[in-house]
Amino acid sequence: MSWEIVIGLEVHTQLTTKTKLFSGTSTLYGQPPNTQAGIFDIALPGVLPLLNDAVIDKAIRLAIATNANVERRTIFERKHYFYPDLPKGYQTSQLDAPIVYDGHLMIETENGPKKIRINRAHLEEDAGSSRHGEVPGMTGIDLNRAGTPLLEIVTEPDISSAEEAISYLRQLHQIVTWLDISDGNMQEGSFRCDANVSVRRPGGPLGTRTELKNINSFRFIEQAINYEVARQIKILESGGSIVQETRLYDPDKNETRSMRAKEEANDYRYFHDPDLLPIIISEERIEAVKANFPLMPEALKSVLMDKYDLSDYDAGIIVQSRAMSNYFLALLAFDVDAKSAANWLLGDVSAYLNEQDITIDALPVTAEQLAGLLTRIADKTISNSIAKKVFTLMIERQATADAIIEAEGLKQVTDTGAIEAWVDEVIAKNPKQVEQFKSGQTKILGFFVGQVMKLSQGKADPAAINALISEKLS
C-alpha cells in the first residue's frame, strides 16, 4: 500500500539590516566572538528594546511578492525557553498577530502548477550560537548573532515531496534576494530551513510529524527529507509509531538523529512583550513600498525575451540573480547588442565568476567597461578570439578595452592584401588538406581558418578569411 508525504516548511530569513532588531549593534558577519553583542543583546538589567524600523518595509515587500496580507496592527510576544545562547531567557517573536499572513507561491511540479500556501511570516530576533570543540571538552557561547532580525516564513503542509520543497525554497530564495530582504547566504546561515515531515495513508488523518532543524543547503534539505520519509515509512510498516521530536540531519552519514522532544506553543509560555508597543502599519506606508517595487524575475524575463529576443534559457539564467540582471540592463544602456551581451555574460564572465567563486558584484570589470569591449567586437576592431584575451587583461590591469588594444597592438587586420598573403601561405603548406577539401570534405575549412588565425596571431578578420579560402579552394 502506498504512502502520502506531507511537508511544511519554516524558513528563517536573516534581514539585510546593518543593525539588530532591537538594538543599534552591528550585524556584520564573521567578527570575533562576542564583539558585536551590545548591552541589550547580553540582557543587562533595565535595558529596553528599540525597534529597527527598516524591518517593517522588508516584511511588506515580502507580503507583496508572496500574494500575502499585511497585518495593520502587529505585536510582539516573548517566547520563553532556556538555552545557554539565549541570555534573556526568552526570544522576542510574534504569535497572535504576525506581520505577514495568508500568502502563497505557485511552483511547477510534474503534474503542473501547484499552490503552496504561506500561513505567516513573523519577525523575531535570532539567538546566539554555541561553539563546540574549540577548547577541548568545553562549549563556548558567541552572542554576536543574538538579536539579529529574522523573518520566519511558514507554509501550510501543502508540500508532497522533497522535490516540491526544493522548488518552493528556490523560488522563495530568489524572491528574498531579488528584493534585498535577505542576502540569502546559506553558508552564513542567512537562509536556513526547518522541515516538518510526516507520512500517512492516502486520504487518512495526518501522521505524527518530526521537525528537521536548521538545514542550510538545498541539497542537504532534499537528502534529509528523503531520508526521514524512508525512516518513518519503515517504522510504520514494521508496526511501530513515530515520536514527535526535533531531529538533526548529519550530511556525512546522510541520516537524521533525535535532538529533543518537539515542543508545542504552550510549552513556550508566550505573552505579549510589555516593553514593546503595538506597531500600526498605515495604508500609505504599504502604498509607498508598492510604488518602489521592482519588476519581479518572471516579468523581467518576459521583457528580455519579447523586447530583446533572448532565448527562454538565457533570459531565465539572467533573472536568477538581481545583481546579474542589473548588470545586464546596465550593459544595454550603452547600446550594445543584447544577444552578444547575454553570450558574454553567460559565457566568459560567468566562467570567471565561477572560477573565482564570486558574484557579479565583485567583478573587476564594470558594465561600462564590458560594453566598451563589446563595441570593439561589433565594429571589428578586434575579433572574438582576441576579445577573450582583452577581457583577461582588463581584469588583471583594471583597464579599458581601448587602452589594452592600443598597448598590446591587438587591432584586427582587415586589409585583404595581408589576409590573402596568409591564406596563400597556409594553402601552400597544406596540399593534403587542399585535396581533402576538393574531394568534398568541406568541414576541413575550419582547419584552414584556424591555421590562418594562428599565422596572424588572431588578428585577421575571420569573415574575410572564410571568404578568401572558400574562393581559392573552389
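Which residue in β11 is the bridge partner of L9? Keep that question in mind as you open the viewer. The model on your screen is predicted, and the tour below moves from its strands to its spaces and its core.

**Stop 1: strand β11 and its partners**

Select residues 191–200, which make up strand β11. Nine of these ten residues are buried, so the strand is largely enclosed by the rest of the structure. Now add strand β1, residues 4–14. β1 and β11 run antiparallel, and ten bridges join them. Click on L9 and look across to β11: its bridge partner there is A195.

Next, bring in strand β12, residues 210–215. β12 also pairs with β11 in the antiparallel sense, over four bridges. To see one such contact, select V197, which stands opposite T210 in β12. If you show side chains here, a general point may help: in a regular strand they alternate between the two faces of the sheet.

**Stop 2: strand β7 and the hairpin**

Move on to strand β7, residues 112–125. Is β7 mostly covered or mostly open? It is mostly covered, with ten of its 14 residues buried. Add β6, residues 100–109, and you will find a hairpin that joins β6 to β7 through two residues. Nine bridges join these antiparallel strands, and Y101 has R120 in β7 as its bridge partner.

Strand β10, residues 149–155, is another partner of β7. Seven bridges join β7 and β10, again antiparallel. Select I118 to find its bridge partner in β10, T155.

Before leaving β7, click on K115, which is found in this strand. K115 is partly exposed, with a relative accessible area of 44%. Then select L295 as well: K115 and L295 are 180 residues apart in sequence, and their C-alpha atoms are 22 Å apart in space.

**Stop 3: a three-stranded sheet**

Select β5, β4 and β15 together. They form an open sheet in the order β5-β4-β15, with antiparallel pairing. β5 (90–93) and β15 (271–272) stand at the edges with a single partner strand each, so one side of each has no neighbour in the sheet. Strand β4, residues 77–80, is joined to β5 by four bridges. One place to look is E77, which stands opposite S93 in β5.

**Stop 4: two residues with positive phi**

As background, most residues other than glycine have a negative phi. Select N34, in the loop between β1 and α1. N34 is not a glycine, yet it has a positive phi of about 65°. It is partly exposed, with a relative accessible area of 39%.

Now go to K380, in the loop between α9 (367–378) and α10 (384–397). K380 also has a positive phi of about 65° without being a glycine. Its relative accessible area is 44%, which makes K380 partly exposed.

**Stop 5: a closed space and an open one**

How many cavities of 30 Å³ or more are there? The count comes to one. About 80 Å³ of space lies in this largest cavity. To show its lining, select F40, D41, D85, L86, P87, K88, E125, D126, A127, A146 and G147. By class, this lining has five nonpolar, one polar and five charged residues.

For an open space, turn to the second largest pocket, which holds about 1900 Å³. Its lining has 48 residues, and those closest to its centre are H173, Q174, T177, Q320 and S321. Elements that give two or more residues to this lining include α1 (54–65), α2 (162–178) and α7 (322–332). α2 gives the most, with eight residues. The lining has 21 nonpolar, 17 polar and ten charged residues. Colour domain 1 (4–280) and domain 2 (295–408) separately: both give residues to the lining, so the pocket lies between them.

**Last stop: the largest nonpolar core**

Finish by selecting Y168, L169, I225, F328, L373 and V390. Of the 102 residues in the largest nonpolar core, these touch the most other members. α2 gives the most to this core, with nine residues. Keep the two domain colours on: domain 1 (4–280) and domain 2 (295–408) both give residues to the core, so it lies between them.

Definitions and conventions: Residues numbered from 1 in each chain as written. Predicted model: local features only at pLDDT ≥ 70, side-chain atom pairs only at ≥ 80, totals over all residues. Heavy atoms only, no water. 1 Å grid on protein atoms, 1.4 Å probe; cavity = no way out; pocket = protein on both sides within 12 Å on 5 of 7 lines; lining within 4 Å. Points joined across faces, edges and corners; volume = space filled by probe spheres on them. Nonpolar A, V, L, I, M, F, W, Y, C, P; charged D, E, K, R; others polar. Domains from an automatic or database assignment. Buried < 20%, exposed > 50% of the residue type's maximum accessible area, 1.4 Å probe, protein only. Pairing = 2+ DSSP bridges. Core = buried A, V, L, I, M, F, W, Y, C linked by side-chain atoms within 4.5 Å.
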